Amino acid sequence: MAKLVMAAATPHNPLLWRAMRDPMPDDLAGVAANFDRFRRSFADHEVDVVVVIGTDHLRQFSYENSPAFVVGKAESYHGTWENEVRTFGMEYVELEGHRELADEITGRTVQPEAIDFSVSLEWRLDHSFVIPLQYVRPELDVPVVPIHTNASMPPVPSVRRFVALGEHVRSAVEAWESDARVALLTSGHMANDVGGPRTFAGSPDPAFDRSAAAWMRAGDLDGAIAGCSDFDRMLEAGCMTSQFLNAVAALAAMGGRPADFADVTESRFASSPFFLWETR
């Protein structure tokens with residue numbers, strides 16, 4: 001059977017792509033070092049396929065069509081979008097898909113009991129998927145299964161649905177008749193007020209960040225569920241703080257055990273999440 005060998009939660013701030021250049025700015029050295037750590041872990045675990053959980057930023061999916069969870073079933077994916085190339089200096093990339101694992105996750109003929117998925121056979125990935133891959137696996141030579149979560153457009157799925165997503169990804173991997181080694185890579189935010197009045201002012205809610213980091217360090221899935229069940233509290237921490245739910249999915253996928261590495265890295269931008277679970 002296939003094996004989930006590692007999981008990680010990272011930031012996906014596209015401004016990093018333009019700002020993290022040699023000589024590395026002092027305030028971004030910690031972010032760069034953590035991405036390097038995750039890149040080495042990915043290589044050490046000899047990953048064959050990676051499931052990437054991210055949140056499309058109203059490009060592929062918008063209020064006109066806003067599914068809760070979408071699994072990509074394409075043979076290949078194009079990234080990114082023109083404005084991200086123009087604004088952030090990102091590069092267009094091509095990624096190989098992995099249909100077999102995507103089918104395993106969604107079910108080939110019947111939806112799994114745990115969660116209802118939408119599927120997409122044609123998908124253009126934005127920075128929430130491309131940025132983590134470019135830092136963690138810059139060769140971009142590992143097939144991917146992208147999963148979009150609506151963690152930005154209310155009404156968002158409850159935190160328990162993100163827990164169900166993480167647990168289902170793990171069970172689907174372990175039920176897959178394959179010797180593949182699978183990684184789960186999620187991207188999102190700590191407290192973050194993208195486009196709001198607290199943008200570029202550091203963390204808009206250090207208290208939320210401390211609580212969120214503690215859930216990951218302690219493997220406190222119940223605490224994460226309780227803390228993220230109050231959407232108004234998350235909104236108070238910033239308009240895009242809800243994307244922390246993707247990290248909760250990673251925690252659930254790893255059985256709610258403490259992260260082997262957990263750091264909330266300060267920089268000129270809002271605090272960045274770096275949580276890593278490795279094979280034991």
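E174 is partly exposed, showing a relative accessible area of 36%. That makes a handy way into the charged pairs of this predicted model. E174 pairs up with R170 in a salt bridge, with N and O 3.0 Å apart. R170 is partly exposed too, at 26% relative accessible area. Both residues belong to helix α6 (residues 159–175), and because they sit 4 residues apart there, about one helical turn separates them.

**Salt bridges**

How many salt bridges turn up in a search of the whole structure? The count is 14. Three of them, including the R170 pair, are set out here.

| Pair | Closest N to O | Relative accessibility |
|---|---|---|
| R170 and E174 | 3.0 Å | R170 26%, E174 36% |
| D126 and R59 | 3.4 Å | D126 0%, R59 23% |
| R198 and D193 | 3.5 Å | R198 30%, D193 7% |

Now for D126 and R59, whose closest N and O atoms are 3.4 Å apart. What does this pair tie together? D126 is in the loop between β7 (124–125) and α5 (127–136), while R59 is in the loop between β2 (49–54) and β3 (69–72), so the bridge links parts that lie 67 residues apart in sequence. The acid here, D126, counts as buried, with 0% relative accessibility. Its partner R59 comes out as partly exposed at 23%.

The R198 and D193 bridge has its closest N and O atoms 3.5 Å apart. Are its two residues buried or partly exposed? D193 is buried, with a relative accessible area of 7%, whereas R198 is partly exposed at 30%. Elsewhere, R59 and D126 come up again: along with E84, they are joined into one network by salt bridges that share partners.

**Cysteines**

Over to the sulfurs. The structure has 0 disulfides. C228, for one, is in no disulfide, and the nearest cysteine sulfur to it belongs to C239, 16 Å away. Why is there no bond between C239 and C228? A disulfide needs the two sulfur atoms within 2.5 Å, and the sulfur of C239 is 16 Å from that of C228, its closest cysteine sulfur, so the gap is too far for a bond.

As for their surroundings, C228 is buried, with 5% relative accessible area, while C239 counts as partly exposed at 27%.

Definitions and conventions
Residues numbered from 1 in each chain as written. Predicted model: local features only at pLDDT ≥ 70, side-chain atom pairs only at ≥ 80, totals over all residues. Heavy atoms only, no water. Buried < 20%, exposed > 50% of the residue type's maximum accessible area, 1.4 Å probe, protein only. Salt bridge = Lys/Arg side-chain N within 4 Å of Asp/Glu carboxyl O. Helix = DSSP H or I, 4+ residues; strand = E, 2+ residues; numbered from the N terminus.
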